[in-house]
Amino acid sequence: PGEMLGSPYRLTITAGPASAYHCTAEGRGLDSEHARVGQLMWVGITARDMYGNALGSGGDRFALSLDGPNGTRLAASSMVDFGNGTYNGTYLATVAGNYSVYVRRMDETGAFWDVGASPFHVYVANGPASPFVSRLVGRHEVAAGDEALFTLMSRDEFGNPGRADPR
């Protein structure tokens, strides 16, 4: 027994077709520590085959959508295919609160399937208080020496209530 003629042979193994379940998503748009109203949030997606191998080329179709408070629904502002198996989706939320973020891959039949850990659960925080949207509630005219109570209703530029000060 000896080696075959021409042995050893060079073999190149490439990733197989994308598998929605094995694709991954990450980024500030999936992180409650960073998600804020009024800021463009991004989600990076890596297409992977059924063995978890990253694909080296683009062409897959991904979608990003969010379900939020009071029936708020958002779709991706953009979805960019970098042509190397990675994609970037962005969204812009204007309502603060808890969101379910769905990252999905479209298969050959046109059906969308959640990628690995989707849906992701993200809290989108309100922005800084805006003097143009906040308001003062209470008596606006008081005689000198009289006591008066009022409430400052702090709101961000989108009308989301300010956070309670934990101190």
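By contact I shall mean heavy atoms within 4.5 Å of each other. With that in place, let me turn to the structure, which is a predicted model.

I begin with Arg-155, in the segment that follows strand S11. Leaving out residues up to four places away in sequence, Arg-155 touches Pro-128, Ala-129, Ser-130, Val-133, Ser-134, Asn-160, Pro-161 and Gly-162. Its relative accessibility is 21%, so Arg-155 counts as partly exposed, given that the buried class is confined to values under 20%. Gly-38 lies 117 residues from Arg-155 in sequence, and the two C-alpha atoms are 13 Å apart.

Strand S11 itself covers residues 150-153 and includes Leu-152. With a relative accessibility of 59%, Leu-152 is classed as exposed. Together with Leu-136 and Phe-150, Leu-152 makes a nonpolar surface patch of about 330 Å².

I move now to strand S3, residues 61-67. Which of its side chains are buried? Phe-62, Leu-64 and Leu-66 are, and they point to one face, while Arg-61, Ala-63, Ser-65 and Asp-67 point to the other face and are not buried. As a general matter, side chains in a regular strand alternate between the two faces of the sheet.

S3 has pairings with S7 and S4 to report. With strand S7, residues 97-106, S3 pairs in the antiparallel sense over seven bridges; within that pairing, Ala-63 stands opposite Arg-104. With strand S4, residues 73-75, S3 is also antiparallel, and three bridges join them. Here Leu-66 has Leu-74 as its bridge partner.

Five residues lie between the strands in the hairpin of S3 and S4. Asn-70 is found in that loop, and its phi is near 55°, a positive value in a residue other than glycine. Most residues other than glycine have a negative phi, and most peptide bonds are trans. Is Asn-70 buried or exposed? Its relative accessible area is 80%, and therefore Asn-70 is exposed.

On the subject of peptide bonds, the one from Ser-118 to Pro-119 is cis, with omega near 5°. Pro-119 sits in the loop between strand S8, residues 112-114, and strand S9, residues 120-124.

Next, the open sheet. Four strands form it, in the order S1-S2-S6-S5, with antiparallel pairing. Strand S1 (24-26) and strand S5 (78-81) are at the edges, and because each has a single partner strand, one side of each is left without a neighbour in the sheet. From one strand to the next, the twist averages 20°. Between S1 and strand S2, residues 41-46, there are three bridges in the antiparallel sense, and Glu-26 has Gly-44 of S2 as its bridge partner.

The loop between S1 and S2 holds my final residue, His-34. With which residues is His-34 in contact, leaving aside its neighbours within four places in sequence? They are Arg-28, Gln-39 and Met-41. At 28% relative accessibility, His-34 counts as partly exposed. Along the chain, His-34 and Val-122 are 88 residues apart, and their C-alpha atoms are separated by 9.6 Å.

To close, I would draw attention again to two points of backbone geometry in this model: the positive phi of Asn-70, and the cis peptide bond from Ser-118 to Pro-119. Thank you.

Terms used:
Residues are numbered from 1 along each chain as its sequence is written. This is a predicted model: local features need pLDDT of at least 70, side-chain atom pairs count only at pLDDT 80 or more; totals for chains, interfaces and linings use all residues. Side-chain values use heavy atoms; hydrogens and water are left out. Buried means under 20% relative accessible area, exposed over 50%, partly exposed in between (1.4 Å probe, protein chains only). Helices (H or I, at least four residues) and strands (E, at least two) are DSSP runs, numbered from the N terminus. Two strands pair if DSSP finds at least two bridges between them. Patches are made of residues with over 30% relative accessible area and no salt bridge: like charges are joined within 9 Å, nonpolar side chains (Val, Leu, Ile, Met, Phe, Trp, Tyr) within 5 Å. Accessible areas come from the Shrake-Rupley method with a 1.4 Å probe; for residues, only the protein chains shown count as cover. A salt bridge is a side-chain nitrogen of Lys or Arg within 4 Å of a carboxyl oxygen of Asp or Glu. Axes are lines fitted to C-alpha atoms, for helices over the stretch in contact, and angles run from 0 to 180 degrees between N-to-C directions.
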